Amino acid sequence: MVQTATPPAERPRTILVVEDEPSLAALLRETLGDAGFRVALLDDGSEVADWVRAHGPDAVLLDLGLPGKDGLAVCHEIRAFSTVPLIMVTGRIEEMDRLRGLEIGADDYICKPFVPKEVAARVRALLRRSIEWRDAQPGSPLSLDEAGMAARWNGVRLDLTPVEFRLLRALGQRPGRVFSRAQLLDAIYSDDHVVNDRTVDSHIKNLRRKIAEACPGADPLTSIYGVGYKFVLPD
Ligand code: CA
């Protein structure tokens, strides 16, 4: 007997829309609802982080100008504990470059006025990119996207080279373990590169700088004199 496999019904994705202008919020709810999403609405910035923590939405559409707490602060707050796909909505086109420069951890930006259907398309595209962020270790501020060779520190994306990514992954997945430079070279190069131990030191130096830039004060890479390096989880 031939059985026809029916694909499992896809779970409806929940999109949190944070928008304080009622007509715009209603429009987004309708458009995203028509596109097959479940929509939750909030209109005050101060409630957002707790809501995200409690409900774990699949994506967040976050207005920049909000009562209670502005979108920038809300984004920082969310990124401290979550890598949920996030689109920032701003009222001014010239604000978008400034926001990108701040590296606040938004995945995309949309400027008002927008075509609602385009918003739905951007949300869909963002979900399709299916960024699978995994914590390097439980409780670690480091999350990794293996497929995209990307890393985030407390939700803020680190701009890493492939070698830096592999180095950080090797160290970050085993906090507290000391790696020799030779072991780290094995982890970051698959072939017989002509490199020496100093190569590791210079990549570590760049990693430290990039993590500190993304999260001032963070310094998880500790050098062990005469041996190598280890990754230390913050207290
Ligand atoms: Ca607003």
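User: Let's start with Ile-204. Is that residue buried or exposed?
Analyst: Ile-204 counts as buried, with a relative accessibility of 1%. Keep in mind that this is a predicted model.

User: Okay, and which element is Ile-204 in?
Analyst: Ile-204 belongs to helix 8. Its C-alpha atom is separated by 9.3 Å from that of Ser-223, and the two residues are 19 apart along the chain.

User: Let me step back a bit. How many helices and strands does the protein have?
Analyst: There are eight helices and 12 strands. The C-alpha trace spans about 65 × 60 × 30 Å along its principal axes. Of the 235 residues, 46% count as buried.

User: What about helix 6, is that one largely enclosed or open?
Analyst: Helix 6 covers residues 162-172, and eight of its 11 residues are buried, so the helix is largely enclosed by the rest of the structure.

User: Which residues of helix 6 are the buried ones?
Analyst: They are Val-163, Glu-164, Phe-165, Leu-167, Leu-168, Ala-170, Leu-171 and Gly-172.

User: New topic: the calcium ion. Which protein donors does it have?
Analyst: The donors are Asp-20 (OD), Asp-63 (OD) and Gly-65 (O), and they lie 2.1 to 2.3 Å from the ion. Written as a sequence pattern, the spacing of the donor residues is D-x42-D-x1-G.

User: Where do Asp-20 and Gly-65 sit?
Analyst: Both are in loops. Asp-20 is between strand 1 (14-18) and helix 1 (22-34), while Gly-65 is between strand 3 (59-63) and helix 3 (71-79). The pair therefore ties together parts that are 45 residues apart in sequence.

User: And how exposed are those two?
Analyst: Asp-20 is partly exposed, at a relative accessible area of 32%. Gly-65 is partly exposed too, at 46%.

User: Switching again: how many disulfides turn up in the whole structure?
Analyst: Zero disulfides are found.

User: Why no bond for Cys-75?
Analyst: Because the closest cysteine sulfur, the one in Cys-215, is 12 Å from the sulfur of Cys-75, which is too far for a bond. Cys-75 also counts as buried, at 0% relative accessibility.

User: What about Cys-111?
Analyst: Cys-111 is in no disulfide either, and the nearest cysteine sulfur, that of Cys-75, is 17 Å away. Cys-111 counts as buried, with a relative accessibility of 17%.

User: Now pockets. How much space lies in the largest one?
Analyst: About 510 Å³. The lining has 25 residues, and the closest to the centre of the pocket are Glu-103, Val-156, Arg-157, Leu-158 and Asp-159.

User: Which elements give two or more residues to that lining?
Analyst: Those are strand 5 (108-111), strand 8 (150-153), strand 9 (156-158) and helix 8 (197-214). Helix 8 has come up already, as the home of Ile-204.

User: What classes of residue are in the lining?
Analyst: By class, the lining has 12 nonpolar, two polar and 11 charged residues. Domain 1 (2-131) and domain 2 (142-231) each supply at least three residues to it.

User: Last one. Which residues does the cis peptide bond join?
Analyst: That bond joins Lys-112 and Pro-113, with omega at about -5°. For context, most peptide bonds are trans.

User: And where is Pro-113 found?
Analyst: Pro-113 is in the loop between strand 5 and helix 5 (116-128).

Note on methods
Residues are numbered from 1 along each chain as its sequence is written. This is a predicted model: local features need pLDDT of at least 70, side-chain atom pairs count only at pLDDT 80 or more; totals for chains, interfaces and linings use all residues. Side-chain values use heavy atoms; hydrogens and water are left out. Donors are N, O and S atoms within 2.8 Å of the metal (3.2 Å for Na, K and Ca); water is not among the atoms, so sites may look incomplete. Helices (H or I, at least four residues) and strands (E, at least two) are DSSP runs, numbered from the N terminus. Buried means under 20% relative accessible area, exposed over 50%, partly exposed in between (1.4 Å probe, protein chains only). A disulfide is a pair of cysteine sulfur atoms within 2.5 Å. On a 1 Å grid over the protein atoms alone, a cavity is a set of points where a 1.4 Å probe fits but cannot get out, and a pocket is an open set with protein on both sides within 12 Å along at least five of seven lines; lining residues have an atom within 4 Å of a point. Grid points are joined across faces, edges and corners, and a volume is the space filled by probe spheres set on the points. Ala, Val, Leu, Ile, Met, Phe, Trp, Tyr, Cys and Pro count as nonpolar, Asp, Glu, Lys and Arg as charged, and the others, Gly among them, as polar. Domain bounds come from an automatic or database domain assignment.
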